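Me: I would like a close look at one part of this model, with the rest described as far as it helps to place that part. Please keep it plain.

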Amino acid sequence: MGTRKETQSTTQASALSNAEIADRLAGLAQLLSTQKENPYKVKAYQRAAVRVRLLSESLDDLVKEDADLTQFPGVGEAIASAIREIVLTGKLRKLDALRGQADPEVASLTDYPRLDPKRILRIYKKLKINSIEALSEKLESGEIESALGRRAAQHVRQGLSEPHVMLLYRADALRDSIEEFLLTKCGAKAVQVVGACRRRAEVIEEIAFVIETDDFSSVVRRMQHYGGRTELLETSSHHGVYALAAGPTLRLRHCSSPDWALALIAETGSAAHLKKLEAVTERVTSLFGSGAFPTETAFYRKFGLEYIEPELREGHDEIERAQQHTLPSLVRLKDIRGELHAHSTSSDGSHSIEQMAIAARDFGYEYIGMTDHSQSLKIARGVPVADLWKQVRAIDKLNDNLNSRLTGIQVLKSAEVDILADGTLDYPDELLAELDYTVCSVHSRFGFGKQEQTERILRAMDNRYFNILGHATGRLLLKRPGYELDVERIIHHAKKTGCFFEINSSPDRLDLSAENARLANEAGVKIAISTDAHSTREFGTVRYGIDQARRAGLEPTSILNCLPWPSLGPLFRR
DNA sequence: GCCGTTTTCGGCCCGACTGTTTTCAGTCG
């Protein structure tokens with residue numbers, strides 16, 4: 001297990017990195033949380049630590065230039081002053097004082113800023129231990145999991161090890177920041193992201209760029225100042241690899257302009273893809289210097305292949321299909337005609353149905369289905385039966401008004417209906433019959449075994465008012481595995497009963513996975529690409545659902561919401 | 001401690017269910 005090194009004592013000579021500053025703020029938050037301190041203060045320090053860790057500019061430099069640190073969100077007067085103290089003195093008196101007062105077993109936790117002291121102290125008490133070493137042993141032996149559950153074990157595992165992966169949407173933000181840094185601070189002339197980010201993989205371990213520059217060694221050197229200081233792990237005349245404080249590694253690949261397209265080919269595909277590709281072409285890097293390939297398309301054409309979209313370069317069947325010229329024509333944003341999963345203030349959304357409708361229209365959509373939560377989901381203010389009846393009538397009126405006042409958007413009557421523990425739906429049939437369609441989801445009893453969970457969903461699908469299965473597996477990427485399911489059996493049943501799936505575009509769900517979406521598509525079951533928007537600002541996340549659909553090889557003809565409503569509506573009547 | 005189209009104070013989800021950690025913490029959106 002990789003352990004976090006004590007950073008405090010190793011860096012007096014050089015400037016502090018933003019990550020080191022963030023570690024101290026997070027450590028202070030930890031110690032404050034064990035006291036009777038305002039929990040919002042604790043959160044403020046935690047939030048500031050997270051943001052500081054992601055800054056590209058060096059806080060050390062900014063402090064020494066006497067810049068105003070409150071320009072950064074989450075940093076107010078108090079935390080700005082704490083950061084100044086850390087940079088100028090190398091210490092944070094408040095942190096040291098609290099550490100001195102705390103029990104040694106608590107104080108030692110500040111070396112692991114992602115551990116929640118309260119949870120750890122409970123584990124200590126339960127297992128009768130009092131040190132990180134013992135904690136690590138109990139994790140390895142499985143005692144934490146058996147005594148306190150899988151979630152507790154996961155918390156400890158994540159807290160003790162360095163993060164090395166990141167969700168795609170966060171990696172996108174980091175990619176933008178690094179790209180700007182390379183272009184404006186490092187002397188790069190052109191940069192292009194490649195690797196897993198370009199393939200739109202849902203979780204990112206490495207952010208990779210192809211770079212054109214006159215002086216690569218200077219780029220490599222200057223990149224080490226990213227975020228104050230970023231560790232260079234290895235380098236050569238044409239590449240540099242760094243450990244980003246945010247977790248993933250960063251890889252820079254130098255490339256001269258004539259080889260640009262070849263470098264993109266060599267650096268974008270997965271290892272499995274490249275192995276299959278080079279069995280058909282030649283070793284891509286052996287062609288460097290030929291100057292014969294101005295574009296990626298030219299390369300593929302030379303070897304009798306169709307252009308392969310980056311999202312497909314995973315080593316499934318794309319090489320064979322490129323040879324046969326039968327690659328799918330992948331779905332794009334402009335193919336999407338409407339939203340089929342969105343919430344309003346009727347349940348746990350931030351905006352009214354009318355506001356959501358107007359925003360959807362302004363996003364370019366023809367329709368939006370309002371899928372507020374159903375009555376049982378209390379925490380999300382699930383809509384009671386009587387209120388949904390009212391909402392159905394209100395939407396009828398709204399459509400009339402919208403059509404007279406604001407042409408171009410239709411509001412669909414729907415609901416995100418809970419699939420209850422016994423597989424029944426959370427509204428009576430006579431109410432469901434009034435809806436244009438339903439999204440039905442599991443929000444409870446994640447602990448059922450595979451067979452019980454599967455049969456619960458199959459039973460729900462037997463209801464003629466069941467249309468789309470929402471976030472089919474319930475997974476939260478990097479946080480929670482999905483509930484156990486026999487996905488193939490559910491796909492088979494969906495085909496038989498006329499039900500559909502969604503790809504939920506929430507960047508931490510992306511559920512169906514690309515793999516499951518591929519299976520559903522092969523079975524001939526159509527899929528909605530939905531955002532599950534809880535505000536007018538979230539329609540844009542559809543791009544992540546589209547990424548996922550493209551990775552699954554889906555064409556617009558496989559996507560429910562690529563259809564206009566007059567063609568789509570009848571598919572929902574069983 | 002931070003923040004502001006509720007702007008210098010009073011907010012910052014939250015509420016019911018689950019399950020074994022037996023009495024409240026974890027969990028779901």
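Which helix lies across β8, β9 and β10, and at about what angle does it run to β9?

Reply: The model is predicted, and what follows should be read in that light. The helix is α18, residues 353-362, which lies across β8, β9 and β10 and runs at about 150° to β9.

The three strands under α18 form an open sheet in the order β8-β9-β10, with parallel pairing. The edges are held by β8 (338-342) and β10 (410-413); each has a single partner strand, so one side of each is left without a neighbour in the sheet. From one strand to the next the twist averages 20°.

Between β8 and β9 (residues 367-370) the pairing is parallel and runs over three bridges. Two residue pairs show how these strands line up. G338 stands opposite Y367 in β9, and A342 is placed opposite M370 in β9. Both of these β9 residues are buried, but on opposite faces: Y367 and G369 are on one side, I368 and M370 on the other, and all four are buried. Both faces of β9 are therefore covered.

A second sheet can be set beside this one. It is also open, but has five strands in the order β2-β4-β7-β6-β5 and mixed pairing. Its edge strands are β2 (190-194) and β5 (231-235), each pairing on one side only. Neighbouring strands here are turned by 25° against each other on average, direction ignored. Within this sheet, β4 (residues 206-212) and β7 (residues 249-254) pair in the parallel sense over six bridges. One residue pair there is I211 with H254, its bridge partner in β7.

Two helices pack on the five-stranded sheet. Helix α11 (residues 168-185) lies across β2, β4 and β7 and runs at about 30° to β4. Helix α14 (residues 260-268) also touches β2, β4 and β7, and its direction makes about 25° with that of β2.

T285 can be placed relative to these elements. T285 is found in the loop between α15 (271-280) and α16 (296-302). Leaving aside residues up to four places away in sequence, T285 touches R253 and A266. R253 falls within the range of β7, residues 249-254, and A266 within that of α14, residues 260-268. With a relative accessible area of 31%, T285 is partly exposed. T285 and I207 are 78 residues apart in sequence and 20 Å apart in space, C-alpha to C-alpha.

Further along the chain is helix α23 (residues 514-522), in which A514, N516, A517, R518 and A520 are buried. The buried residues of α23 pack against α22 (487-497), β14 (500-504), β15 (527-530) and α24. Just after α23, G524 takes a positive phi of about 80°. On the α24 side, Q548 has its place in that helix, residues 542-551. Q548 counts as buried, at 1% relative accessibility. Not counting residues up to four places away in sequence, Q548 touches E202, R475, I503, L510, L512, S513 and A514. Of these contacts, A514 is one of the buried residues of α23, and I503 falls within the range of β14, 500-504.

That leaves the DNA. The surface near DNA strand B comprises 29 residues, of which G74, G76, R122, K126 and R151 come nearest. By type, the residues of this surface divide into eleven nonpolar, five polar and 13 charged. Helices α2 (39-54), α4 (77-89) and α7 (117-127) each supply at least two residues, and α2 gives the most, with five. R122 and K126 both fall within the range of α7, 117-127.

On the DNA side, 61% of the strand B atoms within 4 Å of the protein belong to sugar or phosphate, and the rest to bases. Two of the polar contacts are to phosphate oxygens. One runs from a polar side-chain atom of R122, at 2.4 Å, and another from a polar backbone atom of G76, at 2.6 Å. A base is also reached: a polar backbone atom of I379 is 2.8 Å from a base nitrogen of DNA strand B.

Technical notes
Residues are numbered from 1 along each chain as its sequence is written. Chains are lettered from A and ligands numbered from 1 in the order in which they are written. This is a predicted model: local features need pLDDT of at least 70, side-chain atom pairs count only at pLDDT 80 or more; totals for chains, interfaces and linings use all residues. Side-chain values use heavy atoms; hydrogens and water are left out. A residue is near a molecule or strand if one of its heavy atoms lies within 4 Å of it. A polar contact is a pair of N or O atoms within 3.5 Å; within protein, one must be able to donate a hydrogen and the other to accept it, and residues adjacent in sequence count only if both atoms are side-chain atoms. Ala, Val, Leu, Ile, Met, Phe, Trp, Tyr, Cys and Pro count as nonpolar, Asp, Glu, Lys and Arg as charged, and the others, Gly among them, as polar. Two strands pair if DSSP finds at least two bridges between them. Axes are lines fitted to C-alpha atoms, for helices over the stretch in contact, and angles run from 0 to 180 degrees between N-to-C directions. Contact means heavy atoms within 4.5 Å. Buried means under 20% relative accessible area, exposed over 50%, partly exposed in between (1.4 Å probe, protein chains only).
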